[in-house]
Amino acid sequence: MRDDIRKKRETMSKRYIESTRHTIQVDFVPYMDELAELVGCKPNILRLFLTDPRLALSVLLGPCCPYQYRLMGHGKWPGARDAILTVMDRIRIPLKTRAISNDSTHGNDVLLPVFVAIVIFALLAIYLQS
């Protein structure tokens, strides 16, 4: 155990600067996975793929959130699955600071084809000049 602590301190000292403000820094996901493995609550991705592929993809490719450590082991929470699958909704909601209507009065529907046409015309002109 002491060797593990010494190795981690050496790794941290090589990666982070020595400062009074930055005393302890670790990478969040590997640190949480290590703690979860020690406690016995690290999610088994293979088992999740076999039982619930949608949840497994969310855990594997989505943001690392504390709910995933409540899927298995002691203290598992029945609401963890729904919390993981809806985490992106909870991330997006605070970012929606203004409502945008769905009607096409903004002109965005016209701008993209015009932009694409200009780019194609410019590339064609460059090609024909060379």
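Contact here means heavy atoms within 4.5 Å. That is the sense used in the legends below, and the model they describe is a predicted one.

**View 1. D33, a buried acid in helix 2 without a salt bridge.** D33 sits in helix 2. Once residues up to four places away in sequence are set aside, D33 touches K42 and Y69. D33 is buried, yet no salt bridge is found for it. K42 has the nearest side chain of opposite charge, and that is 4.6 Å away. A salt bridge calls for a side-chain nitrogen of Lys or Arg within 4 Å of a carboxyl oxygen of Asp or Glu, so at 4.6 Å K42 doesn't make the cut.

**View 2. A36, another residue of helix 2, and its contacts.** Helix 2 covers residues 28–39, and A36 is part of it. A36 counts as buried because its relative accessibility is just 4%, where the cut-off for buried is under 20%. Leaving out neighbours within four places in sequence, A36 is in contact with C41, K42 and Y69. K42 and Y69 also turn up as contacts of D33. For a sense of how the chain comes back around, take A36 and R70: they are 34 residues apart in sequence, but their C-alpha atoms are 9.6 Å apart in space.

**View 3. Helix 2 from end to end, and the glycine that follows.** How does the span of helix 2 compare with what its 12 residues should give? At 1.5 Å a residue the expected figure is 16 Å, and the end C-alpha atoms are 16 Å apart, so the two agree. Just after helix 2 comes G40, with a positive phi of about 100 degrees.

**View 4. A salt bridge between helix 1 and helix 2.** E34 and K8 meet through their side chains in a salt bridge, with an N to O distance of 2.7 Å. E34 belongs to helix 2 and K8 to helix 1, so this pair ties together parts that are 26 residues apart in sequence. Buried or exposed, or something in between? E34 counts as partly exposed at 31% relative accessibility, and K8 is partly exposed too, at 34%.

**View 5. A salt-bridge network with R6 and E10 of helix 1.** D3, R6 and E10 are linked in a network of salt bridges. In the R6 to E10 bridge, the closest N and O atoms are 3.1 Å apart. Why do R6 and E10 sit about one helical turn from each other? They are four residues apart in helix 1, which runs over residues 2–15. R6 is partly exposed, with 41% relative accessibility, and E10 is partly exposed as well, at 38%.

**View 6. A salt bridge between R81 and D82.** The structure holds eight salt bridges, and one of them joins D82 to R81. Here the closest N and O atoms are 3.9 Å apart, with 4 Å as the limit for a salt bridge. D82 is partly exposed at 48% relative accessibility; R81, at 32%, is partly exposed too.

**View 7. A nonpolar surface patch, with L123 of helix 7.** L112, F115, V116, V119, I120, L123 and I126 make a nonpolar surface patch of about 690 Å². L123, one of these residues, lies in helix 7, which spans residues 108–129. L123 counts as exposed because its relative accessibility is 55%, and exposed means over 50%.

Terms used. Residues numbered from 1 in each chain as written. Predicted model: local features only at pLDDT ≥ 70, side-chain atom pairs only at ≥ 80, totals over all residues. Heavy atoms only, no water. Helix = DSSP H or I, 4+ residues; strand = E, 2+ residues; numbered from the N terminus. Buried < 20%, exposed > 50% of the residue type's maximum accessible area, 1.4 Å probe, protein only. Patch = residues over 30% accessible without salt bridge, like charges linked within 9 Å, V, L, I, M, F, W, Y side chains within 5 Å. Areas by Shrake-Rupley, 256 points an atom, 1.4 Å probe, with all protein chains shown as cover. Lys, Arg positive; Asp, Glu negative; His and termini not counted. Expected span 1.5 Å × (residues − 1).
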